Amino acid sequence: MILLELKNVTKAFPRRARNKSLFVIKEYIKAVHQINFTIASGESIGLVGESGSGKSTLAKLITKLEPLTSGEICFRGQSIKDKSSQWLYKHIQLVFQDSSSSLFPKMTIKEILLEPLLNYYPNEKSTWEESYKKVLRLVNLDESYLSRYPHQLSGGQKQRVCIAKALVVRPELIIFDESISSLDLDSQQVIINMLENIKKQYKLTYLFISHDLVTTRKFCDRIMVMYDGKLVETIEGKNTNNIKHSYSRVLFKTLDIIRN
Ligand SMILES: Nc1ncnc2c1ncn2[C@@H]1O[C@H](COP(=O)(O)OP(=O)(O)OP(=O)(O)O)[C@@H](O)[C@H]1O
């Protein structure tokens with residue numbers, strides 16, 4: 001079943017500039033241009049591309065943190081245009097790279113995990129405690145962490161709390177925007193293994209935005225490559241024989257050099 005569909009999605013940011021006569025003119029940066037793809041339920045999709053190619057903008061468009069310039073985004077066949085953020089976030093959660101800014105410093109981990117439950121499941125108070133304890137277990141943190149504050153946690157532990165905060169909402173799709181890039185390689189691998197197990201257990205769908213092609217390739221069923229705001233390549237499985245775009249060719253060649 002198709003969970004997410006992007007149809008000709010375009011985002012242009014206005015930029016003020018001056019022409020030769022120094023008149024202020026309005027220019028546009030096309031951050032994302034005519035993107036089309038679908039993600040089926042249960043897939044793990046990687047989205048890679050050089051800095052500034054439009055990956056984060058795409059994540060923001062899917063979660064309505066930025067409005068579309070043109071095109072359409074559908075979730076479960078319904079356009080998200082007229083859907084509330086409340087509706088959208090119950091189905092799609094976004095985990096950012098910078099865990100410190102996603103966790104309110106004056107809240108304990110328990111309060112942080114309770115907040116989404118209060119928002120999305122206000123009438124299920126009797127299940128809250130079970131829910132937050134369960135997600136904490138899923139991200140391999142024990143209950144002693146509940147009374148701690150974010151500053152008392154390591155980078156990897158904070159990132160686990162961010163993932164738990166997304167999981168507690170029980171979404172169908174989670175978008176990870178460079179969510180583990182700042183961690184060392186061992187911690188990244190531990191979190192990747194953990195995410196794979198959680199995905200299997202709860203039949204989740206992942207969109208994994210990353211600079212790191214090595215991890216993305218191991219973990220994802222399909223890799224989409226963005227270049228200059230466009231989707232230039234989709235690579236299915238491990239088959240890299242028919243790569244068309246010169247940028248993706250360089251990207252995958254570098255990967256082969258690293259591996260050999
Ligand atoms: N709010 C904004 N206003 C104006 N331009 C923006 C805005 N957000 C992003 N851009 C521009 O859109 C383009 C795409 O940016 P985006 O952050 O999506 O790239 P990215 O692929 O995620 O990069 P990175 O991997 O470095 O995070 C860039 O040229 C960026 O400068």
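Here is a chat between a visitor and a guide about this predicted model.

Visitor: How do you know how far to trust the protein chain?
Guide: Start with the predictor's own confidence: the protein chain averages a pLDDT of 89, and 93% of the residues score at least 70. Among the elements, strand 4 (residues 70-75) has the highest mean pLDDT, 97, and helix 9 (residues 246-259) the lowest, 72. Where pLDDT is low, the predicted coordinates should not be read in detail. For the complex, the predictor gives an ipTM of 0.96 and a pTM of 0.91.

Visitor: Which residues are around the ligand?
Guide: They are Phe13, Ile29, Ala31, Gly49, Ser51, Gly52, Ser53, Gly54, Lys55, Ser56 and Thr57. Strand 2 (24-40) and helix 1 (55-62) are the elements that give two or more residues to that shell. Helix 1 has the largest share, with three residues.

Visitor: What makes up the shell by class?
Guide: There are three nonpolar, seven polar and one charged residues in the shell around the ligand. Gly counts as polar in this scheme.

Visitor: How do you know that the length of helix 6 (residues 155-167) agrees with what it should be?
Guide: Just do the check: at 1.5 Å a residue, its 13 residues should span 18 Å, and the end C-alpha atoms are 18 Å apart, so the two agree.

Visitor: Why is helix 6 called mostly covered?
Guide: Buried takes 20 or more other C-beta atoms within 10 Å, and 10 of the 13 residues of helix 6 are buried. The buried ones are Lys158, Gln159, Arg160, Val161, Cys162, Ile163, Ala164, Lys165, Ala166 and Leu167.

Visitor: Which residues have the most contacts inside the largest nonpolar core?
Guide: Ala164, Ile175 and Leu207 do, in a core of 53 residues. Helix 6 gives the most to this core, with six residues. As for Leu207, leaving out residues up to four places away in sequence, its contacts are Ile39, Ile45, Leu47, Leu173 and Ile175.

Visitor: Why is Leu213 called partly exposed?
Guide: Leu213 has 19 other C-beta atoms within 10 Å, and buried starts at 20 while exposed stops at 12. Leu213 falls in between, so partly exposed is the label. This residue lies in helix 8 (residues 213-219).

Visitor: What makes Lys218 partly exposed?
Guide: Lys218 also lies in helix 8. Its count is 13 other C-beta atoms within 10 Å, and exposed means 12 or fewer, so Lys218 ends up partly exposed. Lys218 and Ile192 are 26 residues apart in sequence, with 9.7 Å between their C-alpha atoms.

Visitor: Why is Gln78 called exposed?
Guide: Gln78 has 12 other C-beta atoms within 10 Å, and the cut-off is 12 or fewer, so Gln78 counts as exposed. You'll find Gln78 in strand 5 (residues 78-79). From Gln78 to Glu5 is 73 residues in sequence and 9.3 Å in space, C-alpha to C-alpha.

Visitor: What makes Gly77 exposed?
Guide: Gly77 has 9 other C-beta atoms within 10 Å; that satisfies the 12-or-fewer rule, so exposed it is. Gly77 sits in the loop between strand 4 and strand 5. Its C-alpha atom is 15 Å from that of Thr63, 14 residues apart along the chain.

Visitor: What is the phi of Arg76?
Guide: Phi of Arg76 is near 50 degrees, a positive value in a residue other than glycine. Most residues other than glycine have a negative phi. Arg76 lies in the loop between strand 4 and strand 5. With 14 C-beta neighbours inside 10 Å, Arg76 is over the limit of 12 for exposed and under the 20 for buried, so partly exposed is the call.

Visitor: What about Asn140: where is it found?
Guide: Asn140 is in the loop between helix 5 (125-138) and helix 6. Asn140 has a positive phi too, about 60 degrees, although it is not a glycine.

Visitor: And why is Asn140 called partly exposed?
Guide: It comes down to 14 other C-beta atoms within 10 Å, a count between the two cut-offs of 12 and 20, so Asn140 is partly exposed. Asn140 and Leu213 are 73 residues apart in sequence, and their C-alpha atoms are 26 Å apart in space.

Methods:
Residues numbered from 1 in each chain as written. Predicted model: local features only at pLDDT ≥ 70, side-chain atom pairs only at ≥ 80, totals over all residues. Near = placed C-beta within 6 Å. Helix = DSSP H or I, 4+ residues; strand = E, 2+ residues; numbered from the N terminus. Expected span 1.5 Å × (residues − 1). pLDDT = per-residue confidence, 0-100. Core = buried A, V, L, I, M, F, W, Y, C linked by C-beta atoms within 7 Å. Contact = placed C-beta atoms within 7 Å.
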